[in-house]
Amino acid sequence: MSANFEYDLVVIGAGSGGVRLARMSAQKGARVAVIESRYLGGTCVNVGCVPKKLFVYGSRVGEDLEDAAGYGWNIPDDNIQFDWPTLVANKNSEIHRLNGIYKTMLENAGVTIIEGTARLEDAQTVVVGERRISAAHITVATGSWPVVPDIPGKEHMVTSNDMFYLPQLPREAVILGGGYIAVEFAGILAGLGVKTTLIYRGDLFLRGFDEDVREFTAGEIRKKGIDLRFNVNIDSVTPDGAHYKVALSDGSTLSTGLVMAATGRRALTDGLGLEALGVEMTKSGHIAVDSHFQTSVPSITALGDVIGTPQLTPVALAQGMVLSRRLFGDGEGEMDYSAIATAVFCHPNIGTVGPIESEARERYGRLRIYRSEFKPMRHTLSGRDERSMMKLIVDDASDKVVAAHMVGPDAGEILQGLSVAIKAGATKAVFDSTVGIHPTSAEEFVTMREPHSVG
Ligand code: FAD
């Protein structure tokens, strides 16, 4: 810590990673300021994980009401109404509450919050409006921003940022993209009664997820009435009265009330002045850092979405803790990216930890695959045609369970617990000797005895 500077640490961006770094560093006695241009809590709290999950909950209620009949509940159809502005307003108040909690948390830790857009003047100075702030360490934690493809009519497309504030729900929507954000929003819209079409240029969506999971999910999502169209792209979007005409690369057209681009995110480094300072960037446009989050300029570090590591809130949080220990604590620790569990909150959910089958085969060689597919108990009486799938990947030589993948209700909740066992190196024998919780779907993970395939 140096008396030559106003602050020991200035963090640019009060998102998941920046807030965690700022708070932990201040708690260790460092003089810390955090600069935020938009909203405390960043993407996750304002236009990401949190509002999305609230919308997912909202989108599930319709099916729950339908399923109720099988359990003896008589809910007359003509009395059921959904009001989008109410959901958005309630979501907004919850986000507002969380913004306040972030403010209090930072202030209680002794962090100075500065509102405005930051720019780096030199390796030790950040400028916000008229104010120049000097710091021994500067961390860039500015996150990422949605990319809209360069096609005619792109100005008519909305992104995930806009989806959280739509004034009204359209009757039909077209979503372009095959990643988790596209798939989650397709589920949200369809669940709320919007006729939804998902357009993806590849032959199957959710690239990077286990092959079985991708196929199984496509089947389940189609049952919900979502029109999945693969191997096709959007050529143009044209206004057509109150609608849009979407021309597809296969020559067909769609008429829709909304076109969403969920086609990836880029590092948000606009106007920071990184190039002028000689901060190196990667080919993908992210800030290049070493395993200690160090950029090519000694006083400048970076973390979170802006460095191109897995774009997940818990990753940014963990990076913030590792970097804080490194700058102001005892730690030389590095971030451990192994066995990061993750979920897709489509309907039904996907939960996953560890490599996909093809990667595991490359890494370990001979595998034992355990796989189970079944109708969740809940749907025996609801009558809904929905199935779950679970899969364990075991390294045959060591008997270690190296991955678990699931499609089904609460997959994210179930996989979080399982990820601890997998990270701890549990063998299939340990799974087999674990007594299940009955009746649950999760017990299937400890009762799959016969491999589905070996090799
Ligand atoms: P951010 O949280 O984006 O924070 C960066 C902050 O920097 C922002 O507040 C921004 O306003 C500010 N900023 C930028 N430039 C400047 C500047 N020049 N001056 C001052 N401030 C600046 N992750 C999950 O783990 N689970 C999920 O379910 C999930 N769902 C998601 C759903 C959606 C729709 C999206 C878009 C993302 C989702 N994510 C999810 C990803 C998660 O939100 C991000 O990985 C996480 O927020 C990254 O944190 P960060 O600190 O790197 O950046």
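In the predicted model, Thr197 is in contact with Ala173, Val174, Ile175, Asp227, Arg229 and Leu254, when residues up to four places away in sequence are left out of the count. Thr197 belongs to strand 9, which spans residues 195-200. With a relative accessible area of 5%, Thr197 is classed as buried, because this value falls under the 20% limit that separates buried residues from those that are partly exposed.

Empty space enclosed by the protein was examined next. One cavity of 30 Å³ or more is found in the structure, and the volume of the largest cavity is about 40 Å³. Its lining is formed by Phe55, Trp84, Met163, Leu166, Leu169, Phe185, Ile188 and Leu189; sorted by class, this lining comprises eight nonpolar residues, with no polar and no charged residues. Among the contributing elements, helix 6 (residues 180-191) provides the most to the lining of the largest cavity, namely three residues.

The surroundings of the ligand comprise 37 residues, of which Gly17, Glu36, Thr43, Lys52 and Asp305 come nearest. For three of these residues, side-chain distances to ligand oxygen atoms can be given. An N or O atom in the side chain of Glu36 is 2.6 Å from an oxygen atom of the ligand, while for Thr43 the distance between an N or O atom of the side chain and an oxygen atom of the ligand is 2.5 Å. In the case of Lys52, a polar side-chain atom is placed 2.5 Å from an oxygen atom of the ligand.

Terms used
Residues numbered from 1 in each chain as written. Predicted model: local features only at pLDDT ≥ 70, side-chain atom pairs only at ≥ 80, totals over all residues. Heavy atoms only, no water. 1 Å grid on protein atoms, 1.4 Å probe; cavity = no way out; pocket = protein on both sides within 12 Å on 5 of 7 lines; lining within 4 Å. Points joined across faces, edges and corners; volume = space filled by probe spheres on them. Helix = DSSP H or I, 4+ residues; strand = E, 2+ residues; numbered from the N terminus. Nonpolar A, V, L, I, M, F, W, Y, C, P; charged D, E, K, R; others polar. Buried < 20%, exposed > 50% of the residue type's maximum accessible area, 1.4 Å probe, protein only. Contact = heavy atoms within 4.5 Å. Near = heavy atom within 4 Å. Polar contact = N/O pair within 3.5 Å; in protein donor to acceptor, adjacent residues only side chain to side chain.
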